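Reader: I am new to this structure and would like to be guided through it. Could we begin with how the chains meet?

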Number of protein chains: 4
Amino acid sequence: MLVVMQSDATPEQIARVLDAIRRVDLTPHPLPGATRTAIGITGNTGVVDTQALEVLAGVKECIRVTKPYKLASREMHRDDTIIRLPQGEIGAKTFTVIAGPCSVENEPMVMKTAEFLMSQGVTFLRAGAFKPRTSPYAFQGMGIEGLKILKRVREKTGIGIVTELMDTEYTEAVEDATDVIQIGTRNMQNFSLLKRVGKCRKPVLLKRGMSATLEEWLMAAEYVMAGGNYQVILCERGVRTFADHSRNTLDLSVIPPAKTLSHLPIFIDPSHGTGKRAYVPAMALAGLAAGADGLMIEVHPEPDRALSDGAQSLDFPGTEKLLSQLRQLLIVLGRAM
Amino acid sequence: MLVVMQSDATPEQIARVLDAIRRVDLTPHPLPGATRTAIGITGNTGVVDTQALEVLAGVKECIRVTKPYKLASREMHRDDTIIRLPQGEIGAKTFTVIAGPCSVENEPMVMKTAEFLMSQGVTFLRAGAFKPRTSPYAFQGMGIEGLKILKRVREKTGIGIVTELMDTEYTEAVEDATDVIQIGTRNMQNFSLLKRVGKCRKPVLLKRGMSATLEEWLMAAEYVMAGGNYQVILCERGVRTFADHSRNTLDLSVIPPAKTLSHLPIFIDPSHGTGKRAYVPAMALAGLAAGADGLMIEVHPEPDRALSDGAQSLDFPGTEKLLSQLRQLLIVLGRAM
Amino acid sequence: MLVVMQSDATPEQIARVLDAIRRVDLTPHPLPGATRTAIGITGNTGVVDTQALEVLAGVKECIRVTKPYKLASREMHRDDTIIRLPQGEIGAKTFTVIAGPCSVENEPMVMKTAEFLMSQGVTFLRAGAFKPRTSPYAFQGMGIEGLKILKRVREKTGIGIVTELMDTEYTEAVEDATDVIQIGTRNMQNFSLLKRVGKCRKPVLLKRGMSATLEEWLMAAEYVMAGGNYQVILCERGVRTFADHSRNTLDLSVIPPAKTLSHLPIFIDPSHGTGKRAYVPAMALAGLAAGADGLMIEVHPEPDRALSDGAQSLDFPGTEKLLSQLRQLLIVLGRAM
Amino acid sequence: MLVVMQSDATPEQIARVLDAIRRVDLTPHPLPGATRTAIGITGNTGVVDTQALEVLAGVKECIRVTKPYKLASREMHRDDTIIRLPQGEIGAKTFTVIAGPCSVENEPMVMKTAEFLMSQGVTFLRAGAFKPRTSPYAFQGMGIEGLKILKRVREKTGIGIVTELMDTEYTEAVEDATDVIQIGTRNMQNFSLLKRVGKCRKPVLLKRGMSATLEEWLMAAEYVMAGGNYQVILCERGVRTFADHSRNTLDLSVIPPAKTLSHLPIFIDPSHGTGKRAYVPAMALAGLAAGADGLMIEVHPEPDRALSDGAQSLDFPGTEKLLSQLRQLLIVLGRAM
């Protein structure tokens with residue numbers, strides 16, 4: 001349910017509508033827009049008396065949202081969501097690159113990568129301190145020590161940090177160290193974790209589950225948003241199919257319907273999508289052409305010595321070349337990086 | 001790596017081998033068998049000096065385990081794992097039925113179901129207090145209150161309780177209320193949760209992820225076992241495919257290879273597998289014929305009034321009929337329920 | 001559209017209805033039943049004037065069929081289809097085994113297999129004279145020479161022959177040599193071939209396509225039936241999924257909905273389904289328990305010397321053991337072989 | 001097996017090598033290149049005496065091809081295959097658009113579409129005279145009459161024709177009417193049909209099967225090439241997965257590995273891939289960015305009145321807009337249309 005306020009509605013009128021919604025045990029979500037404010041309502045909206053709301057001062061109309069996801073739906077929020085961070089805006093006409101090593105291995109390599117990226121105009125670094133690994137005997141990441149390295153790298157270079165949170169227990173530590181909290185593919189339906197980051201103040205990059213439908217993915221975003229954190233970035237990273245020519249099947253075809261059904265920015269991760277360095281640039285360009293709002297790629301100073309996922313990481317010259325190709329395409333597509 | 005002790009090895013000899021393993025920073029897992037004890041070793045076993053172990057008193061031989069999963073592998077543990085609970089044994093020649101409602105809705109309905117099941121010789125009740133729901137606006141389960149109901153039902157009827165743990169935060173509460181801790185399909189690779197239940201003393205029923213390969217599933221079991229909890233039950237509940245004639249595609253063909261590669265008991269859940277009540281009995285019988293060690297099915301006193309998953313729940317008469325068919329098949333197959 | 005005749009309708013009354021249908025450029029399909037005849041109508045039935053038909057003498061009622069498949073639908077044909085062949089009946093309460101080598105390799109081996117099977121009470125032999133092979137450089141089957149061998153084997157042993165037709169060109173040759181014409185998984189939507197066998201007088205065993213939905217499969221059967229050949233046997237042989245523990249994912253869960261939606265007999269082929277000999281018996285038993293009407297399995301006198309698919313073929317002792325297990329299960333399930 | 005000739009080898013020397021290969025019952029395939037000729041050998045090459053070939057005059061070296069596909073492999077043919085037709089070249093640095101209605105509905109609409117396309121610089125028309133339809137009761141195409149229309153349209157406008165062949169029976173009629181013979185997704189492993197078009201003189205556009213691996217697809221191309229027709233164009237049109245946001249999952253990630261493993265041109269069909277008009281342009285641009293050699297799209301003068309697949313067809317203005325976007329991208333990518 002969406003309450004659309006008149007363009008000249010006063011803060012007091014808005015406050016009175018919020019109160020009215022809370023009084024019937026529902027949750028109001030104020031959604032300020034360019035020309036007017038709207039108020040999303042979640043909870044058991046089947047019982048809402050829309051007439052009682054429509055007679056309140058400043059209310060223009062009440063609209064039922066037909067999708068099972070509400071706050072993530074474009075029905076409720078027509079304009080593209082733009083996430084504003086010190087390192088740049090994400091969404092709408094911008095194309096954002098997030099790059100860096102699979103995992104934090106040591107401070108010099110992360111620093112070196114951050115400095116290289118900043119020199120290239122890439123203002124977001126990805127690097128995992130906590131790593132979800134299929135085997136309990138594989139390197140599990142540097143943990144808290146890795147977070148400290150990321151903080152120091154941010155302090156020194158100013159680069160924005162994107163790192164994965166795997167466990168509610170470390171939420172505060174990760175939120176403190178990062179600019180964007182990443183939720184990994186294996187946790188896309190870890191509902192406790194989604195609810196927890198719904199309480200965070202940092203944007204959440206939500207990877208698509210390996211076999212999640214678009215609706216399930218948007219419902220996972222809805223879990224975060226229902227908690228009050230409306231800054232969600234979707235990230236496609238390949239799905240499970242019978243195909244064996246790549247590690248996963250990067251589903252670029254999800255981009256147009258995702259942009260139609262939702263106002264949230266959508267990124268692609270061709271590194272995990274293909275699993276092979278040689279195929280990353282082509283799929284990165286394709287993702288941009290398909291309408292993605294950004295790219296998450298693995299970059300490593302020495303890919304062949306990486307502790308994890310080296311086979312899918314670009315080296316620095318490869319990254320430079322890809323960035324230059326992306327920039328050329330962006331001009332034609334009328335977008336900025 | 002597996003150290004096989006001689007059949008007449010003394011406890012002191014075993015203790016000395018355990019010490020020797022710990023001294024080189026590896027983890028020993030004593031695995032008592034029918035005729036002799038074996039000691040699994042996990043950690044970076046590439047560096048193990050097998051000769052140094054083989055000269056210790058009481059050691060018969062050292063065997064390298066070729067699979068990425070070690071403790072879950074039949075190479076390390078030849079005999080079928082049998083899980084012994086007050087309500088009965090699970091695994092080997094036994095066929096175990098776990099039945100009950102999708103979620104704890106209120107005390108009378110759970111009590112009624114438990115009494116019905118016990119009267120039918122079914123000694124394990126499934127019921128969710130915490131429910132993983134695709135939508136944040138759907139009924140999320142009764143939570144702690146639901147666990148209290150389950151405890152009272154166990155006290156009164158003696159039935160064994162199987163209930164899902166979704167969050168490390170509630171581990172102690174769930175472990176206290178249950179006889180078997182269930183890990184749901186969406187959490188099969190929630191590694192924090194797997195590590196946490198690896199520290200529990202209660203058996204873990206581990207549902208297969210929606211698009212998990214057999215190897216990934218056994219690796220998830222390995223996470224639990226590596227923590228010291230060797231009582232893991234696998235449960236197939238249907239995988240994601242293109243097929244649309246059922247809610248998921250129940251992959252019975254995973255049973256024979258799972259039994260070949262691993263010593264862990266494997267159950268099937270035809271309720272989630274098919275999503276349709278009418279198809280549950282046929283798939284339950286097929287699961288038994290395919291070699292499953294048990295069955296997890298949804299049973300509800302009034303399926304059409306269930307708060308969740310009613311369409312796939314059997315009513316009491318339907319359950320009785322299925323149990324009678326299962327018993328007839330069990331006789332032919334030389335197994336007991 | 002279905003015209004149900006009164007139970008005492010005369011042949012003349014039926015003939016008059018057939019005429020009336022043909023006059024409006026539609027195709028009538030007389031479907032004699034236990035108590036009354038029904039007449040299926042295919043073509044653009046949107047234009048049928050049901051009242052004009054209902055007033056004809058002997059007509060009880062006209063029923064619209066809501067499924068896109070008509071003749072294959074249980075709406076149009078309530079009773080299970082039974083296919084009557086000299087070697088036995090297929091469908092309803094019977095369980096039929098079709099066994100034999102992947103391909104006709106030479107006369108002695110086929111003869112030896114046929115004699116073994118007949119001695120075991122298995123009255124249908126499968127063996128390919130034309131082989132669909134992924135590689136153009138692999139053994140493509142003996143062709144016409146293979147058909148001649150099959151004819152001689154049938155003459156000598158009386159066994160029923162099931163062999164694959166890959167090409168409209170060889171339809172007559174295959175129809176002449178066989179008792180059941182097999183359409184392979186790769187040709188499930190080879191519509192020219194389906195139309196051609198719709199003109200044959202021999203039953204058609206129609207394998208499910210590797211990624212066919214149940215509806216597409218029944219529509220393929222409809223192609224055959226629309227041509228006038230109502231004797232179609234469905235055969236599930238495994239579908240394509242991400243799973244890698246078996247060659248294909250044998251989808252036993254398709255059996256109950258197939259039996260609900262259609263009256264056609266359904267078989268399973270666990271040899272192609274699993275691709276591994278050791279897993280064939282478990283899946284054969286599971287298929288029977290799930291409600292299949294029959295089994296198609298690969299049996300070879302010397303599997304390790306087979307020219308194709310040896311890894312999934314049972315040897316004679318393995319076949320004997322499986323048949324004995326199937327017979328025990330059949331008794332419990334109240335069915336005959 | 002590949003015999004590489006010296007750059008100055010004479011036609012006589014080449015002829016003698018061909019003879020030598022035929023004498024040992026193998027098939028030679030002369031593959032003229034920019035600087036030298038190579039000769040592919042197919043058949044049971046395990047027995048080839050490479051030394052006997054290497055001593056022949058003009059032979060530079062013999063190379064074993066490690067892939068199961070030989071003629072389709074880049075190992076055997078390093079340069080991109082270029083297909084030269086009166087209407088333009090396909091492959092290498094060119095980007096080719098094939099557009100038109102799903103099916104030939106009548107002469108004026110095909111003529112109108114062809115004239116529109118030619119005016120836009122699109123020199124290939126697709127239109128089906130024979131239509132593979134899931135239902136036997138759906139419009140099956142105009143057949144031979146449709147082919148006649150296509151011939152007249154070609155005569156009048158000069159546009160190149162691409163149309164589907166479904167049945168060996170109509171091979172000559174289709175080959176006569178068309179410039180490129182299309183093999184549909186359902187017939188990708190109709191080996192009889194593949195062998196038949198291997199004897200044709202017209203290029204073959206081979207759509208990927210709905211659940212075909214890349215290797216199976218290249219093996220299907222190999223069937224055509226083994227017959228002597230080396231002009232094969234691959235066309236990705238979406239595969240079957242669990243995803244339900246589009247009709248099929250357009251697998252753009254197959255493009256880079258296909259170009260690595262094979263020298264054949266690869267097209268994409270975003271119309272069938274997405275099934276929804278609104279998503280076609282984004283995926284067309286993405287396909288170009290991913291490295292495709294061309295595009296096959298459905299264009300209809302009045303999509304909402306199309307007899308088949310109207311929902312996925314672009315109208316004329318939509319096509320014009322897409323072509324303009326493609327052209328801008330092509331400039332940046334350094335390619336021509």
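**Chains, sheets and helices**

Author: Chain D has 34 residues in contact with 34 residues of chain A, where contact means that the C-beta atoms of two residues, placed from the backbone, lie within 7 Å. This is a predicted model, in which local features need pLDDT of at least 70 and side-chain atom pairs count only at pLDDT 80 or more, while totals for chains, interfaces and linings use all residues. Residues are numbered from 1 along each chain as its sequence is written, and chains are lettered from A and ligands numbered from 1 in the order in which they are written.

Reader: Which helices of chain D each supply at least two residues of the side that touches chain A?

Author: They are H8 (255-261), H9 (270-274), H10 (280-290) and H11 (316-333) of chain D. The largest share, 7 residues, comes from H10(D). Helices here are DSSP runs of H or I with at least four residues, strands are runs of E with at least two, and both are numbered from the N terminus.

Reader: How many residues of each class are on that side of chain D?

Author: The side of chain D that touches chain A has 21 nonpolar, 11 polar and 2 charged residues. Ala, Val, Leu, Ile, Met, Phe, Trp, Tyr, Cys and Pro count as nonpolar, Asp, Glu, Lys and Arg as charged, and the others, Gly among them, as polar.

Reader: And what does the contact between chains A and B take from each?

Author: That contact takes 26 residues from chain A and 26 residues from chain B. On the side of chain A, helix H6 (191-197) and helix H7 (214-226) are the elements that give two or more residues. H7(A) provides the largest share, 5 residues. By class, this side of chain A has 10 nonpolar, 10 polar and 6 charged residues.

Reader: What turn lays chain A on chain B?

Author: A turn of 180° with a shift of 0.0 Å along the axis lays chain A on chain B with an RMSD of 0.1 Å. The two copies are thus related as by a two-fold rotation axis. Copies are superposed by least squares on the C-alpha atoms of residues with pLDDT of at least 70 in both.

Reader: Which residue of chain A comes closest to the rotation axis?

Author: A:Ser211 does, with its C-alpha at 3.1 Å. The same surface serves both copies, as 100% of the contact residues of chain A recur in chain B.

Reader: Turning to the inside of chain A, why is strand E7(A) described as largely enclosed?

Author: Strand E7 (residues 96-100) of chain A has 5 of its 5 residues buried, so it is largely enclosed by the rest of the structure. A residue is buried if 20 or more other C-beta atoms lie within 10 Å of its own, with C-beta atoms placed from the backbone. On one side of E7(A) are A:Thr96, A:Ile98 and A:Gly100, and on the other A:Val97 and A:Ala99.

Reader: Which strands is E7(A) joined to?

Author: E7(A) runs parallel to strand E14 (residues 294-298) of chain A, with 5 bridges between them, and A:Val97 stands opposite A:Leu295 there. E7(A) is also joined by 2 bridges to strand E8 (residues 124-126) of chain A, again parallel, with A:Ala99 opposite A:Leu125. Two strands pair if DSSP finds at least two bridges between them.

Reader: What sheets are there in chain D?

Author: One is an open sheet of 4 strands in the order E2-E3-E1-E4, with antiparallel pairing. Strands E2 (27-32) and E4 (59-63) of chain D stand at its edges, each with a single partner strand, so one side of each is left without a neighbour in the sheet. Another is a closed barrel of 8 strands, E7-E8-E9-E10-E11-E12-E13-E14, with parallel pairing.

Reader: How do E11(D) and E12(D) pair in that barrel?

Author: Strand E11 (residues 204-207) and strand E12 (residues 232-236) of chain D pair in the parallel sense over 4 bridges. D:Val204 has D:Val232 as its bridge partner in E12(D).

Reader: Last, is helix H10(C) buried or exposed?

Author: In helix H10 (residues 280-290) of chain C, 11 of the 11 residues are buried, so it is largely enclosed by the rest of the structure. Among them are C:Val280, C:Met283 and C:Leu288. Just after H10(C), C:Gly291 takes a positive phi of about 110°.

Definitions and conventions: Buried ≥ 20, exposed ≤ 12 C-beta atoms within 10 Å, placed from the backbone.
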